[in-house]
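Let's take a walk through this protein together, one piece at a time. Have a look at the fold first, then read on.

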Amino acid sequence: MLDLGVKEQPQHMQERHYQVFMICLLEALSAQLGEEYTRDMHFAWKAFDFISQVYLKERFTFRPRSSADVARIGSVHKKRSDLSRCLSSSSHRMATIDDNSAAIRIQAAFRGYYIRKLNMAYKPESSIHQQVQENLVKAWGIIENNLEAFSIQLYRRMYKLDPNLFPMFPFYVDEWTRVTHNDYNGSFMEQPANTWFLLFREVFYVDEEILSLPKMYSNISTCFLRVINNDTFEEIPKVFQRVAPYNFTKNKHGYTFLAEARTTLSSLASGKFRFRLIGSTEPLPAPESDSVNAQFVTKEIKDYYMPNKDRILLRYSVQVTEDQLITVQLGTSKTDVLIKLQILDHEGEVASSCGRGHAVLPVYIVRRDRHAGEEENRQRKRGSRPPSKDSGKDGEAATARAGTAGGKNPKSKSKKGKDNSPAHSRPGSSLDKRNEGRGMNRSITQEDDMKPQVHKYIIQALVLRDSWPLSRESWDFVLAQRNAEKPDPPDYVSESASRGEKSAGQSKSKKSKDGKESRSSKNQSGSRPASQQLNFDTTKPHWTLRIVTDASFADDIDVKRDTERQDEIRAMKVAWEAAQPGRAAKAYQSRQKFLNEHLIQVKDPEIEGDQGEEQGEVADISSSSTSVIAAEQEEYFTEPPPRQPSRVLKPFDITPYMRCGGTRIVLDETEENRRRQQKQEIFRKHKQWRDEVEKRRDMDRQQRNIAKEKQIQMAEEWQAALDKVREDINTAREAYRHTFIVQEPPEEEVIEPVKERSPSPAKGRKTSKSPKGARKSPKAKKK
């Protein structure tokens with residue numbers, strides 16, 4: 001008898017336990033051995049299953065003496081299948097007798113071959129026996145190194161396949177107290193003050209539904225964890241900025257776990273972190289590799305706040321050559337500004353986040369444009385693409401937030417063990433292995449995402465509720481920046497025309513020898529030239545946009561200012577200039593001529609001069625405390641404050657355009673009396689018309705009342721006539737009826753003769769007068 005630890009159980013439970021045990025054993029072996037689980041290895045374990053099944057079914061308490069016994073016992077329980085079942089699923093005809101006979105012969109021949117092979121596996125002197133023994137010893141050597149984890153995995157599969165087997169073992173009562181966890185260690189580099197950065201970001205996949213709790217351990221007080229469902233881009237609920245226990249279900253694109261942090265006024269030294277994923281059972285959600293990704297490239301863009309009528313803070317286009325995950329963060333110099341950060345695809349919102357002075361879009365999958373028939377060409381060309389050596393650089397003031405990520409901590413194993421099957425390795429600190437890094441991108445690209453589609457991604461930010469007012473000084477700076485960005489009118493059209501002619505030459509010069517864009521071309525994709533970025537004034541109202549990508553995909557994303565509308569206007573003006581040469585110059589000269597003729601100088605009033613002198617004296621006398629109070633009470637505006645212009649257009653003379661209507665009417669006393677009488681006449685006519693309407697309404701009401709009375713009187717007359725006719729008819733009917741009624745004798749005289757003749761109760765009943773409409777008595781009928 002094969003001992004599986006269930007001798008005390010009934011026979012049917014033992015057989016069920018054995019079946020489940022062998023099914024899960026083969027599955028666990030396939031998962032544990034991996035490529036070592038070959039066809040010969042499978043046959044070896046099938047032979048093991050055969051011998052074990054023989055022991056179980058035949059109830060042998062001793063070892064079979066020969067292979068003939070094994071062959072005889074193994075052939076007893078085989079059943080022949082019907083060929084009609086096989087043909088019904090693949091053919092529209094039923095199997096004939098010849099077909100069944102042929103199928104039975106083939107099955108018998110194969111069964112005989114298989115039994116003979118199993119028989120040879122039982123013979124010690126056969127080559128098959130040696131091969132089976134070698135495979136079993138080889139498999140046991142691999143299993144023995146990780147026996148505890150393999151056993152837990154085997155029993156876990158059994159309990160999932162048949163939960164009724166669990167109570168058969170005494171340790172099932174300890175299941176509710178079992179906890180397992182995985183640790184992922186990493187480090188981060190030194191970070192400057194007043195910045196935002198990611199510690200790690202990794203996609204975890206769930207094989208089966210599980211209740212799990214992620215925890216983040218770090219020495220950064222402003223660090224917190226986010227978990228996002230990549231299918232819906234919804235964030236897992238949090239309690240007090242900590243991720244709550246969540247029931248993770250299997251999905252298509254997995255769950256993204258990321259940790260973000262912010263530095264305060266002081267810089268942050270380099271350090272380490274630990275991410276722990278706690279669950280009640282295995283397998284826990286796990287990434288494709290045994291470590292988390294902590295190597296990123298942050299594209300950082302800074303610019304001044306320029307208010308506009310649409311309340312648009314910024315607008316940047318994103319183009320990618322490979323599908324990848326991005327994280328977008330926006331911060332403002334004013335901490336209480338209500339902002340909304342959006343990602344648009346063809347002007348339709350696909351992701352958004354609101355915040356006060358700080359907004360984050362944790363994860364979004366940006367997909368490249370796909371056209372019909374290009375996927376095969378890209379797969380052939382992908383292997384020949386040279387690696388990048390400057391993936392950490394970026395022209396838009398990009399800074400590389402790179403760190404190192406370690407694998408699972410060996411001490412993080414639970415006391416009962418865990419499955420440490422080999423996984424795909426993630427590239428470590430090497431950024432040159434782009435082909436290996438691209439393997440990580442395949443996990444977020446499924447077959448449904450390979451459909452031909454063109455994307456147009458825009459990162460846009462809005463200022464909500466006019467929550468970013470500016471002071472007069474800030475408005476002066478904004479107007480100065482706008483005037484500085486405007487080109488000179490005479491040179492504008494010529495520059496636009498020459499830009500279109502030189503576009504082809506410039507695009508060729510931007511290509512390097514290896515076919516890639518040079519880094520100098522990417523410098524122009526930022527918000528401002530490099531010279532202005534170096535002299536950036538952080539005391540002015542400004543914002544900072546950060547786009548975080550994986551280090552291996554830094555060159556596959558291009559972020560630049562969205563100037564599509566400006567380019568359309570510029571192209572339209574260039575087209576006008578091409579159709580009518582000199583159009584812009586003539587328009588500019590015409591406008592300048594008009595302004596020179598109609599602008600007048602505004603003289604400064606004396607009051608303003610006096611106020612300026614008084615303000616100068618106060619400014620000299622005021623102390624530092626009064627200046628602070630004045631700064632706090634400074635007035636802010638959501639629109640440009642009104643200013644006294646130095647030159648204005650002179651008042652427009654409308655006299656030549658006035659049309660004279662005859663003699664001028666002067667509003668004197670006579671005219672006022674005439675208009676008053678005219679209004680009184682209008683009031684009198686209206687009152688007269690109103691009285692007439694009321695009179696007509698009263699007459700109509702009286703006529704309706706009279707008509708009602710006539711109707712009632714007519715109805716009463718009709719009712720009286722009807723009653724009279726009914727009475728006459730009833731009188732005649734009663735008179736006619738009485739002619740047929742016969743006077744009957746008294747009741748006593750009639751009852752006695754009846755009793756003498758027939759004592760029966762049926763004939764001794766009293767006869768009463770028939771009611772109205774009833775049957776007549778027999779005597780009346782005889783008459």
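Start with a pair of strands: S2 and strand S9 (residues 255-262) run antiparallel and are joined by eight bridges. To find one of the pairings, look for Trp196, whose bridge partner in S9 is Arg262. Keep in mind as you look around that this is a predicted model.

Now zoom out a little from that pair. S2 and S9 belong to an open sheet of four strands, with antiparallel pairing and the order S2-S9-S4-S5. Which strands stand at the edges? They are S2 (196-204) and S5 (234-235); each has a single partner strand, so one side of each is left without a neighbour in the sheet.

Let's step back to the whole chain. The protein chain has 783 residues, and 34% of them are buried. Its secondary structure comes to 20 helices and 24 strands. If you take the contacts with a separation of 6 or more, 82% of them are between residues 24 or more positions apart. On the outside, the accessible surface is about 51900 Å², and carbon and sulfur atoms account for 53% of that.

Next, find strand S18, residues 457-463. How many of its residues are buried? Seven of its seven are, so you can call this strand mostly covered. In a regular strand the side chains alternate between the two faces of the sheet. In S18 both faces are covered: Tyr457, Ile459, Ala461 and Val463 are buried on one side, and Ile458, Gln460 and Leu462 are buried on the other.

S18 has partners to look at, too. Strand S12 (residues 312-320) runs antiparallel to S18, with six bridges between them, and here you'll see Tyr316 opposite Ile459. Strand S14 (residues 338-345) also pairs with S18 in the antiparallel sense, over seven bridges. In that pairing, Lys340 has Leu462 as its bridge partner.

Ile459 turns up again when we look at the nonpolar cores. In soluble globular proteins, nonpolar side chains tend to be buried together. The largest nonpolar core here has 37 residues, and Ile459 is among those with the most contacts inside it, along with Leu313, Leu314, Leu330, Ile343 and Leu545. S12 gives this core its largest share, five residues. Apart from it lies another core, of 27 residues, including Val206, Ala261, Phe275 and Ala294.

What does Leu545 touch, leaving aside its neighbours within four places in sequence? Its contacts are Lys299, Glu300, Ile301, Leu314, Tyr316, Val328, Gln329, Leu330 and Ile459.

Time for some helices. Helix H7 (residues 147-161) has 15 residues and reaches 21 Å from its first C-alpha to its last, close to the 21 Å expected at 1.5 Å a residue. Its buried residues are Ala149, Phe150, Ile152, Gln153, Leu154, Arg156, Met158 and Tyr159. These pack against helix H1 (11-33) and helix H6 (127-145).

Further along, an unreviewed UniProt entry places a "coiled-coil region" at residues 708-735. In this model the span is 100% helix and 0% strand, and its end C-alpha atoms lie 41 Å apart.

Finish with a single residue, Ser471, found in strand S19 (residues 470-471). Is Ser471 buried or exposed? Its relative accessible area is 6%, and buried means under 20%, so Ser471 is buried. Leaving aside its neighbours within four places in sequence, Ser471 is in contact with Glu634, Glu635 and Tyr636.

Conventions: Residues numbered from 1 in each chain as written. Predicted model: local features only at pLDDT ≥ 70, side-chain atom pairs only at ≥ 80, totals over all residues. Heavy atoms only, no water. Buried < 20%, exposed > 50% of the residue type's maximum accessible area, 1.4 Å probe, protein only. Helix = DSSP H or I, 4+ residues; strand = E, 2+ residues; numbered from the N terminus. Pairing = 2+ DSSP bridges. UniProt positions renumbered as here; feature names shortened; annotations may be inferred. Expected span 1.5 Å × (residues − 1). Contact = heavy atoms within 4.5 Å. Areas by Shrake-Rupley, 256 points an atom, 1.4 Å probe, with all protein chains shown as cover. Core = buried A, V, L, I, M, F, W, Y, C linked by side-chain atoms within 4.5 Å.
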